[in-house]
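Colleague: Got a minute to go through this one with me? Put it up and we can talk it over.

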Amino acid sequence: MMRQMIKTSISNDLKFLFILTDSWFSSKDNVDFITSNDKHFIAALKNNRLIALSEEDRKNKRFVRVDKLNFPKQTAVQGWLKGYEKAVLFILQVFTNKDGSTGVLHLVCSDLTCDNNVISTTYKRRRKVEVFHKSLKSNTNLAKSPTRMIRTQSNHIFMSYSCHIHVIFMSYSCQFVQPLSSKV
């Protein structure tokens, strides 16, 4: 599914630099596919993903779990993913959850010209897409389409998007409406 979406985006001549993925889509096959189509990726890594931080370690197959390494904060570190031949950049992103707990996210980027700031700010955009999809699914019942034919499915998707846009406009307009005073 993801690869088909990438192919469609490229064939439709969409302009983009990065493909942002969570850890579920950061497999060797997926990152190979992305880079073979002349695109870069920024992906989260699972804690058990194996990496090498030197060319010598990679050649001697001395890989270490990403969660066992102490990455310097605010710094991109060059290394290699196990099974992936090209050098990549790794960063450690530490964040605070709403409940006050601390979370850690290991990110990998295929563009060696990036720095920590570019990688982390670009990856944050993925969160906005997640919020959009969650809102689209819960406010318009996008996933609950009873349709079976391609044309009716397409119509349902189009109407869900249209409805979602209408909901967004309504929410903005409600922000600017002043409550009526009790003294009229």
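Modeller: One cut-off before we start: buried means under 20% relative accessible area, and exposed means over 50%. Also, this is a predicted model.

Colleague: Fine. Take I42, then. Buried or exposed?

Modeller: Buried. Its relative accessibility is 0%, so I42 falls under the 20% cut-off.

Colleague: Which element is I42 in?

Modeller: Strand β2.

Colleague: And what does I42 touch, leaving out residues up to four places away?

Modeller: F18, I19, L20 and T21 on one stretch of sequence, then V108 and C109, then I119, T122 and Y123.

Colleague: How far is I42 from T8 in space?

Modeller: 19 Å, C-alpha to C-alpha. In sequence, I42 and T8 are 34 residues apart.

Colleague: Let's zoom out. How many helices and strands are there?

Modeller: Five helices and seven strands. The order along the chain is α-β-α-β-β-α-β-β-β-β-α-α.

Colleague: What is the radius of gyration?

Modeller: 21 Å for the protein chain. A compact globule of 184 residues would come out near 16 Å. The C-alpha trace spans about 75 × 50 × 25 Å along its principal axes.

Colleague: What share of the residues is buried?

Modeller: 30% of the 184. The accessible surface is about 13100 Å², with 56% of that from carbon and sulfur atoms.

Colleague: And the long-range contacts?

Modeller: Take contacts between residues at least 6 apart in sequence: 43% of them join residues at least 24 apart.

Colleague: Now the core. Which members of the largest nonpolar core touch the most other members?

Modeller: F41, F71, L81, V88, F90 and V108, out of 19 residues. Elements giving two or more residues to this core are α1, α2, β2, β5 and β6.

Colleague: Is there a general reason for nonpolar side chains to cluster like that?

Modeller: In soluble globular proteins, nonpolar side chains tend to be buried together.

Colleague: What is F90 in contact with, beyond its neighbours within four places?

Modeller: L45, I51, L53 and F71 come before a run of T75, A76 and V77. Then there are G79, W80 and L81, and finally L107 and V108. Another core lies apart from the largest one. That other core has ten residues, including A44, I91, C109 and I119.

Colleague: Switch to α2. Which residues are buried there?

Modeller: N30, V31, F33, I34 and T35. The buried residues of α2 pack against α1, β1 and β2.

Colleague: What happens just after α2?

Modeller: D38 takes a positive phi there, about 60°.

Colleague: Next, helix α4. I see R126 in it. Buried or exposed?

Modeller: Buried, because R126 has a relative accessible area of 17%. Setting aside neighbours within four places, R126 is in contact with L20, T21 and D22.

Colleague: V118 lies in α4 too. What is the relative accessibility of V118?

Modeller: 34%, so V118 counts as partly exposed.

Colleague: How far apart are V118 and S135?

Modeller: Their C-alpha atoms are separated by 27 Å, and the two residues are 17 apart along the chain.

Colleague: Last one: charges. How many positive and negative?

Modeller: 28 positive and 14 negative. The mean positions of the two sets are 10 Å apart.

Methods:
Residues are numbered from 1 along each chain as its sequence is written. This is a predicted model: local features need pLDDT of at least 70, side-chain atom pairs count only at pLDDT 80 or more; totals for chains, interfaces and linings use all residues. Side-chain values use heavy atoms; hydrogens and water are left out. A nonpolar core is a set of buried Ala, Val, Leu, Ile, Met, Phe, Trp, Tyr and Cys residues joined through side-chain atoms within 4.5 Å. Buried means under 20% relative accessible area, exposed over 50%, partly exposed in between (1.4 Å probe, protein chains only). Helices (H or I, at least four residues) and strands (E, at least two) are DSSP runs, numbered from the N terminus. Contact means heavy atoms within 4.5 Å. The radius of gyration is taken over C-alpha atoms; the globule rule is 2.2 Å times the number of residues to the power 0.38. Accessible areas come from the Shrake-Rupley method with a 1.4 Å probe; for residues, only the protein chains shown count as cover. Lys and Arg count as positive and Asp and Glu as negative; His and the chain ends are not counted. The place of a charge is taken as NZ of Lys, CZ of Arg, CG of Asp or CD of Glu.
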